[in-house]
Amino acid sequence: SAICLTVIGTYFSLKSHGHDLEGHGWIPLSALCINSIAFCHGTATVTWGLLGELFTIEAKKVIAPVAQIVSHALTAMIVLSFPTLVVIIGTGSIFYIFATATVIDIVFAYFFIPETRGKTIEEIQRDLER
């Protein structure tokens, strides 16, 4: 996702600086499609995977709807603010910010999300208490 978003950002940055990109419109479109696939099979599933692995059934009943509401609210904020941000900072910069956020997400997941493979819910809960 980060690579695709960087490609899109670079395309729009070059275009805004007057570079002739005639015949290269397939590049951001392809990058966007690949990013959507990567997101749907990666980052988008993390929230639901964490819910299934880290919380008890009782907690899931409360946390799942809240997580979904927050997810959709953040998506709506991004979609609604996009046109304004295009005017303020430019299309390329927005995609660079998205790419940076993706890298931060990867680093956060690597260092702070616990490995749960082969562990029971009790073992996971004990690990989280530490």
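## Starting with a definition

A residue counts as buried when its relative accessible area is under 20%, as exposed when that value is over 50%, and as partly exposed in between. Keep this in mind as you explore the structure above, which is a predicted model.

Let's try the definition out. Phenylalanine 12 has 26% relative accessibility, so this residue counts as partly exposed. Phenylalanine 95, at 11% relative accessibility, counts as buried. Serine 13 counts as buried too, because its relative accessibility is 16%.

## Aromatic rings

In total, the structure holds 6 aromatic pairs. One of them joins phenylalanine 12 and phenylalanine 95, whose rings are stacked, with 6.1 Å centre to centre and 15° between the planes. Phenylalanine 12 belongs to helix 1 and phenylalanine 95 to helix 5, so this pair ties together parts that are 83 residues apart in sequence. Tyrosine 110 and phenylalanine 111 make an edge-to-face pair, at 5.0 Å centre to centre and 90° between the planes. Both tyrosine 110 and phenylalanine 111 are exposed.

Which residues form one aromatic cluster? They are Tyr11, Phe12, Phe82, Phe95 and Phe98. You have already met Phe12 and Phe95 as a stacked pair.

## The nonpolar core

In soluble globular proteins, nonpolar side chains tend to be buried together. Here, the largest nonpolar core is made of 6 residues: Cys4, Leu5, Ile8, Ala31, Phe95 and Ala99. Helix 1, which spans residues 2-16, and helix 5 each supply at least two residues of this core. The most comes from helix 1, with 3 residues.

Have a look at cysteine 4, one of the core residues. Leaving aside residues up to four places away in sequence, cysteine 4 touches Ala31, Ile34 and Asn35. Serine 13 also sits in helix 1. With the same neighbours in sequence left out, serine 13 touches Gly92 and Tyr96.

## The largest pocket

About 990 Å³ of space lies in the largest pocket. Its lining has 23 residues, and the closest to the centre are Phe39, Thr43, Leu74, Thr75 and Ile78. Two or more lining residues come from each of helix 2 (26-41), helix 3 (43-54), helix 4 (57-89) and helix 5 (91-112).

Which helix gives the largest share of this lining? Helix 4 does, with 8 residues. Sorted by class, the lining of the largest pocket has 13 nonpolar, 9 polar and 1 charged residues.

## The second largest pocket

The second largest pocket holds about 180 Å³ of space. Its lining is made by Ser1, Ala2, Gly42, Thr43, Val46, Thr102, Asp105, Ile106, Ala109 and Ile113. Thr43 may look familiar, as this residue is also among those closest to the centre of the largest pocket.

Helix 3 and helix 5 each supply at least two residues of the lining of the second largest pocket. Helix 5 gives the most, with 4 residues. By class, this lining has 5 nonpolar, 4 polar and 1 charged residues.

Technical notes:
Residues are numbered from 1 along each chain as its sequence is written. This is a predicted model: local features need pLDDT of at least 70, side-chain atom pairs count only at pLDDT 80 or more; totals for chains, interfaces and linings use all residues. Side-chain values use heavy atoms; hydrogens and water are left out. On a 1 Å grid over the protein atoms alone, a cavity is a set of points where a 1.4 Å probe fits but cannot get out, and a pocket is an open set with protein on both sides within 12 Å along at least five of seven lines; lining residues have an atom within 4 Å of a point. Grid points are joined across faces, edges and corners, and a volume is the space filled by probe spheres set on the points. Ala, Val, Leu, Ile, Met, Phe, Trp, Tyr, Cys and Pro count as nonpolar, Asp, Glu, Lys and Arg as charged, and the others, Gly among them, as polar. A nonpolar core is a set of buried Ala, Val, Leu, Ile, Met, Phe, Trp, Tyr and Cys residues joined through side-chain atoms within 4.5 Å. Buried means under 20% relative accessible area, exposed over 50%, partly exposed in between (1.4 Å probe, protein chains only). Contact means heavy atoms within 4.5 Å. Rings of Phe, Tyr and Trp (its six-membered ring) pair if their centres lie within 6.5 Å; planes under 30 degrees apart count as stacked, over 60 as edge-to-face and the rest as tilted.
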